[in-house]
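Welcome, and thanks for taking a look at this one. Below is a short tour, arranged by topic, to read alongside the sequence and the structure.

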Amino acid sequence: MRRSRARRPTKRDDSRHKAFIIAALNELKTHPNKLTIIKQNCQLYKQQAHLKRGFLTAIERFEWVLEVDDDIDRIIVQILAEDYIGNRLRRYPLLFKGVVDD
């Protein structure tokens with residue numbers, strides 16, 4: 001007879017990630033030139049040898065969003081959208097590293 005274990009819920013602090021992403025997006029609204037920081041982050045992480053497939057997919061999706069339009073408001077709407085791409089981008093707040101000055 002086999003015992004089955006109950007799965008543990010994942011321990012992600014989504015509220016903390018979401019607060020950071022909202023702060024980064026507000027910073028982008030006031031300083032649109034910081035979009036280059038995000039583009040540099042995408043290039044930096046894409047060059048790393050051992051990268052999770054999900055993170056690589058998020059970078060690819062982010063590059064799609066940035067390729068389509070340079071309008072900050074539309075980019076913010078896409079990031080906050082409750083669709084596949086928006087969820088994928090919000091899952092990795094590391095892409096927004098360096099945008100918010102502490």
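Which residues are buried in helix 2? They are Leu35, Ile38, Asn41, Cys42 and Tyr45. Please keep in mind that this is a predicted model. The protein chain has five helices and zero strands, so the order from the N terminus on reads α-α-α-α-α.

**The chain as a whole**

- Taken along the principal axes, the C-alpha atoms of the protein chain fill a box of roughly 60 × 30 × 30 Å.
- The protein chain has 102 residues, and 33% of them count as buried.
- Among contacts in the protein chain with a separation of 6 or more, 67% are between residues 24 or more positions apart.

**Helix 2: its length and its buried face**

- Helix 2 covers residues 35-46, and its twelve residues should span 16 Å at 1.5 Å a residue; the end C-alpha atoms are 17 Å apart, which agrees.
- Back to the buried residues of helix 2, Leu35, Ile38, Asn41, Cys42 and Tyr45: seen down the helix axis, they fall within an arc of 115°, so they line one face of the helix.
- A general point helps here: an α-helix has 3.6 residues a turn, so residues three or four places apart point the same way.
- The cover over the buried residues of helix 2 includes helix 1 (14-30), helix 3 and helix 4 (72-80).

**Where helix 2 meets helix 3**

- The axes of helix 2 and helix 3 (residues 53-68) come within 10 Å and cross at roughly 145°.
- The crossing of helix 2 and helix 3 is left-handed.
- On the helix 2 side, the contact is made by Leu35, Ile38, Lys39, Cys42, Gln43, Tyr45 and Lys46.
- On the helix 3 side, Phe55, Leu56, Ile59, Phe62, Glu63 and Leu66 make the contact.
- Sorted by character, the residues of this contact divide into nine nonpolar, one polar and three charged.

**Helix 1: buried on one face**

- Helix 1 has 17 residues and reaches 24 Å from its first C-alpha to its last, close to the 24 Å expected at 1.5 Å a residue.
- Ile21, Ala24, Leu25, Glu27 and Leu28 are buried in helix 1.
- Looking down the axis of helix 1, its buried residues fall within an arc of 155°, so they line one face of the helix.
- On the other side of helix 1, Ser15, Arg16 and Thr30 are exposed.
- Helix 2, helix 4 and helix 5 are among what covers the buried residues of helix 1.
- Alanine 19 is also placed in helix 1, and it counts as partly exposed at 47% relative accessibility.
- From alanine 19 to phenylalanine 55, the distance is 20 Å, C-alpha to C-alpha, with their positions 36 residues apart in sequence.

**Helix 4 and isoleucine 76**

- The buried residues in helix 4 are Ile72, Ile75, Ile76 and Ile79.
- Seen down the axis of helix 4, these fall within an arc of 100°, so they line one face of the helix.
- Arg74 and Val77 are exposed on the other side of helix 4.
- The buried residues of helix 4 pack against helix 1, helix 2, helix 3 and helix 5 (84-90).
- Isoleucine 76, found in helix 4, has a relative accessible area of 9% and is therefore buried, the cut-off being under 20%.
- Leaving aside neighbours within four places in sequence, isoleucine 76 is in contact with Leu25 and Lys29.
- The C-alpha atoms of isoleucine 76 and valine 65 are separated by 9.8 Å, and the two residues are eleven residues apart along the chain.

**Valine 100, after helix 5**

- Valine 100 is found in the segment after helix 5.
- Is valine 100 buried or partly exposed? Its relative accessible area is 22%, so valine 100 is partly exposed.
- Not counting residues up to four places away in sequence, valine 100 touches Phe20, Ala23 and Ala24.
- One of these partners, Ala24, is among the buried residues of helix 1.
- Valine 100 and asparagine 26 are 74 residues apart in sequence and 8.9 Å apart in space, C-alpha to C-alpha.

How values were computed: Residues are numbered from 1 along each chain as its sequence is written. This is a predicted model: local features need pLDDT of at least 70, side-chain atom pairs count only at pLDDT 80 or more; totals for chains, interfaces and linings use all residues. Side-chain values use heavy atoms; hydrogens and water are left out. Axes are lines fitted to C-alpha atoms, for helices over the stretch in contact, and angles run from 0 to 180 degrees between N-to-C directions. Helices (H or I, at least four residues) and strands (E, at least two) are DSSP runs, numbered from the N terminus. A crossing is left-handed if the near helix is turned anticlockwise from the far one by less than a right angle, and right-handed if clockwise. Contact means heavy atoms within 4.5 Å. Ala, Val, Leu, Ile, Met, Phe, Trp, Tyr, Cys and Pro count as nonpolar, Asp, Glu, Lys and Arg as charged, and the others, Gly among them, as polar. The expected span of a helix is 1.5 Å times one less than its number of residues. Buried means under 20% relative accessible area, exposed over 50%, partly exposed in between (1.4 Å probe, protein chains only). The arc is that of the directions from the helix axis to the C-beta atoms.
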